[in-house]
Amino acid sequence: MEIILKTDITGVGYKNDIVSVKPGYGRNYLIPQGFAVMATPSNKKVVAENVRQAAHKVEKIKNDALALAEQIGDLKLTLIAKAGESGKIFGRVTNTQIADALREKGFDIDRKKITIEDVKTLGEYQATLDLHKEVKHQVTVEVAGEIVLQA
């Protein structure tokens with residue numbers, strides 16, 4: 001089933017994309033929630049016209065995302081986590097913690113736009129910032145430990 005997305009959906013696509021999804025997902029979730037509309041010929045024409053008219057705005061948003069990526073540059077974030085003697089951390093490092101660390105550095109990035117692999121031990125990891133559908137930026141996250149000795 002082909003649909004036109006009205007908003008960015010992680011793992012599916014971005015706003016104004018025409019994507020194929022399973023019929024149940026489209027009919028029972030995306031369309032009733034207002035996240036998508038059916039990809040009829042008339043809806044496709046409307047979206048094409050809207051995209052054409054908004055092209056200069058999209059270019060400005062992309063340039064802003066590129067400028068933000070340039071500002072962030074090779075930023076290295078350090079997060080403190082409690083860990084055992086072996087270096088395995090208690091709990092986990094989340095994208096919310098990374099978003100807070102970026103906010104402290106002066107970059108306001110939504111936590112939903114940050115992905116990081118599963119962090120289980122101390123060390124360095126790469127987090128991906130999804131600044132725009134064409135602009136992805138890597139940030140180094142160092143997980144430093146606060147060793148907790150067990151009695």
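**View 1. The two faces of strand β4 in this predicted model.** Strand β4 covers residues 76–83, and its covered face carries Leu77, Leu79, Ala81 and Ala83. Turn to the uncovered face and you will meet Lys76, Thr78, Ile80 and Lys82.

**View 2. Strand β4 beside strand β7.** Here β4 runs parallel to β7, which spans residues 135–147, and eight bridges join the two strands. To find your way along the pair, look for Ala81, a residue of the covered face of β4: its bridge partner in β7 is Gly145.

**View 3. The largest pocket.** Its volume comes to about 530 Å³. The lining is made of 16 residues, and Lys15, Asn16, Val58, Ile61 and His132 are the closest to the pocket centre. Helix α3 (55–72) gives the largest share of this lining, with four residues, while α2 (41–53), α3 and β6 (123–132) each supply at least two. If you are thinking about chemistry, the lining of the largest pocket holds seven nonpolar, three polar and six charged residues.

**View 4. The second largest pocket.** This one has a volume of about 380 Å³. Among its 15 lining residues, Ile9, Thr10, Lys112, Lys113 and Asp130 lie nearest the centre. Strands β5 (114–116) and β6 each contribute at least two residues to the lining; β6 also supplies at least two to the lining of the largest pocket. By class, the lining of the second largest pocket counts four nonpolar, five polar and six charged residues.

How values were computed:
Residues numbered from 1 in each chain as written. Predicted model: local features only at pLDDT ≥ 70, side-chain atom pairs only at ≥ 80, totals over all residues. Heavy atoms only, no water. Buried < 20%, exposed > 50% of the residue type's maximum accessible area, 1.4 Å probe, protein only. Pairing = 2+ DSSP bridges. 1 Å grid on protein atoms, 1.4 Å probe; cavity = no way out; pocket = protein on both sides within 12 Å on 5 of 7 lines; lining within 4 Å. Points joined across faces, edges and corners; volume = space filled by probe spheres on them. Nonpolar A, V, L, I, M, F, W, Y, C, P; charged D, E, K, R; others polar.
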